[in-house]
Amino acid sequence: MTRLDQTVIETLLWLVGYQLAGELICRSLVLPLPGAVMGMLLLFLTLCVRRGIPASLDTHVPQLLGHFSLLFIPACAGVIVYWPLLAAHGWALLATLAGATLITLLVPAVLLKALLARRRLRRPA
């Protein structure tokens, strides 16, 4: 096994470990949140506490994101399998999707605006 293989495996262990921890927390506390999202929040908090990104994550996560489209294959298969159910509740799903997308776009924009304003206040004149 080469050094590259070891760091790729280390990266996958980081990501899968945090997802597993998130699943465990969400299921044990019966939180209405996907475990992957909780794992992502835990990873974010860890990186904030560390004040840096481990070298293996910094190197290999962008490479993994290049293959991100593979994650849509199960979703596409689900759409094909559940097409009659999706067609029956299409408007409700569309409204939910539009609302979720709007919230997803607005929350980071508001947060970025607040953080930039805070940064301007801290910067010496």
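## Helices around the largest pocket

Three helices, α1 (3-29), α2 (35-50) and α3 (55-65), each give at least two residues to the lining of the largest pocket. The largest share comes from α2, with seven residues. The model is a predicted one.

## Size and lining of the largest pocket

The largest pocket has a volume of about 800 Å³. Its lining counts 23 residues. Nearest the centre lie L15, V61, L65, F68 and L71.

Which class supplies most of this lining? Nonpolar residues do, with 19 in the lining of the largest pocket. Three polar residues and one charged residue make up the rest.

## The second largest pocket

The second largest pocket has a volume of about 150 Å³. The residues that line this pocket are V79, W83, L86, A87, G90, L93, T96 and L97. Two elements, α5 (83-88) and α6 (90-122), give two or more residues to that lining.

Which helix gives the largest share of the lining of the second largest pocket? That helix is α6, with four residues. By class, the lining has six nonpolar and two polar residues. Charged residues are absent from the lining of the second largest pocket.

## The two pockets in brief

For the largest pocket, α2 leads the lining with seven residues. For the second largest pocket, α6 leads with four. One charged residue is found in the lining of the largest pocket, and no charged residue in that of the second largest.

Terms used:
Residues numbered from 1 in each chain as written. Predicted model: local features only at pLDDT ≥ 70, side-chain atom pairs only at ≥ 80, totals over all residues. Heavy atoms only, no water. 1 Å grid on protein atoms, 1.4 Å probe; cavity = no way out; pocket = protein on both sides within 12 Å on 5 of 7 lines; lining within 4 Å. Points joined across faces, edges and corners; volume = space filled by probe spheres on them. Nonpolar A, V, L, I, M, F, W, Y, C, P; charged D, E, K, R; others polar.
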